[in-house]
Amino acid sequence: MMIKRDELRVKLEVLVPGKQITLAQIIGKPNPEVYAKLGLSEKFDSIGVMKLTPKESAIIAGDLALKYGRVEIAAINRLKGTLLLTGKNESVVYAVSHILRVFQTVLGFEVPEITRS
């Protein structure tokens, strides 16, 4: 069976990453195994997890976190756009909230609500 040229259709989907933060998660009182698997100290009671696009914006977010919150950067990956923060729960919440506010109002990013577990 021959397919006529006008009957052949191809659907092409392309992901065009925009300026967005797709994840802003606060993990309060993580299970000790989570700390162990991440190679983190259990001295803090909270972990903040963020996913950003473009990926390099994780660097900016990490800088903002250190300037405006009493947190430590547990990990930052500019190739994947991820940022992990540790600290006291209220400090991590404050740092993540500030990052979201600056990224939205100053940089024009789409940002999510903070989720918690």
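## A walk from the hairpin to the core

Start by selecting N77: this residue stands opposite T82 in β4. What you have open is a predicted model, so take the tour as a look at a prediction.

**Stop 1: the hairpin**

Select β3 (71-77) together with β4 (82-87). These two strands run antiparallel and are joined by six bridges. Now look at the turn linking them. How many residues sit between the strands of this hairpin? There are four, and G81 takes a positive phi near 75°.

**Stop 2: the whole sheet**

Zoom out and show every strand. The protein has five strands, along with three helices. If you follow the chain along the sequence, the pattern reads β-α-β-α-β-β-α-β. In space, the five strands make an open sheet in the order β3-β4-β2-β1-β5, with mixed pairing. Which strands are at the edges? They are β3 and β5, each of which pairs on one side only.

A word of background before you step across: strands of a sheet pair through backbone hydrogen bonds, and the pairing can be parallel or antiparallel.

Starting from β4, step over to β2 (46-53). β2 and β4 are antiparallel, with six bridges between them. Pick M50 and you'll find L83 of β4 opposite. Keep going to β1 (20-28), which pairs with β2 over eight bridges, also in the antiparallel sense. Here G28 stands opposite S46 in β2.

Finally, select β5 (115-116). β1 and β5 run parallel and are joined by two bridges. Click on I26 to find its bridge partner in β5, R116.

While β2 is still on screen, colour it by burial. Is it enclosed or open? Six of its eight residues are buried, so β2 is largely enclosed by the rest of the structure.

**Stop 3: the helices on the sheet**

Next, bring up α2 (57-68). This helix lies across β2, β3 and β4, and it runs at about 175° to β3. Then add α3 (89-105). α3 packs on the sheet too, touching β1, β2, β3, β4 and β5, and its direction makes about 170° with that of β1.

Stay with α3 for a moment. The helix has 17 residues and reaches 24 Å from its first C-alpha to its last, close to the 24 Å expected at 1.5 Å a residue. Which of its residues are buried? Select S91, V92, V93, A95, V96, H98, I99, L100, V102 and F103. Covering these buried residues you'll find, among others, β1, β2, α2, β3, β4 and β5.

**Stop 4: the nonpolar core**

Show side chains now. The largest nonpolar core has 21 residues, and the ones with the most contacts inside it are I21, M50, L52, L85, V96, I99 and F103. At least two core residues come from each of β1, β2, α2, β4 and α3. Which element gives the largest share? That is α3, with eight residues.

Two of these core residues deserve a click of their own:

- **I99**, in helix α3. With 0% relative accessibility, I99 counts as buried, because the cut-off for buried is under 20%. Leaving out residues up to four places away in sequence, I99 touches I21, M50, A61, L64, A65, L83 and L85. Try the distance tool on I99 and I21: they are 78 residues apart along the chain, and their C-alpha atoms are separated by 9.8 Å.
- **L85**, another of the residues with the most contacts inside the core. Apart from neighbours within four places in sequence, L85 is in contact with S46, I47, G48, A65, V71, E72, I73, A74, A95, V96 and I99.

**Stop 5: two rings**

Select F103 and F109. The structure has one aromatic pair, and here it is: F103 and F109 are edge-to-face, 4.8 Å centre to centre with 85° between the planes. Are the two residues buried or exposed? Both F103 and F109 are buried.

**Last view**

Zoom out once more and colour the whole chain by burial: of the 117 residues, 33% are buried. Then display contacts with a separation of 6 or more; residues 24 or more positions apart account for 59% of them.

Terms used: Residues are numbered from 1 along each chain as its sequence is written. This is a predicted model: local features need pLDDT of at least 70, side-chain atom pairs count only at pLDDT 80 or more; totals for chains, interfaces and linings use all residues. Side-chain values use heavy atoms; hydrogens and water are left out. A nonpolar core is a set of buried Ala, Val, Leu, Ile, Met, Phe, Trp, Tyr and Cys residues joined through side-chain atoms within 4.5 Å. Buried means under 20% relative accessible area, exposed over 50%, partly exposed in between (1.4 Å probe, protein chains only). Contact means heavy atoms within 4.5 Å. The expected span of a helix is 1.5 Å times one less than its number of residues. Two strands pair if DSSP finds at least two bridges between them. Axes are lines fitted to C-alpha atoms, for helices over the stretch in contact, and angles run from 0 to 180 degrees between N-to-C directions. Rings of Phe, Tyr and Trp (its six-membered ring) pair if their centres lie within 6.5 Å; planes under 30 degrees apart count as stacked, over 60 as edge-to-face and the rest as tilted.
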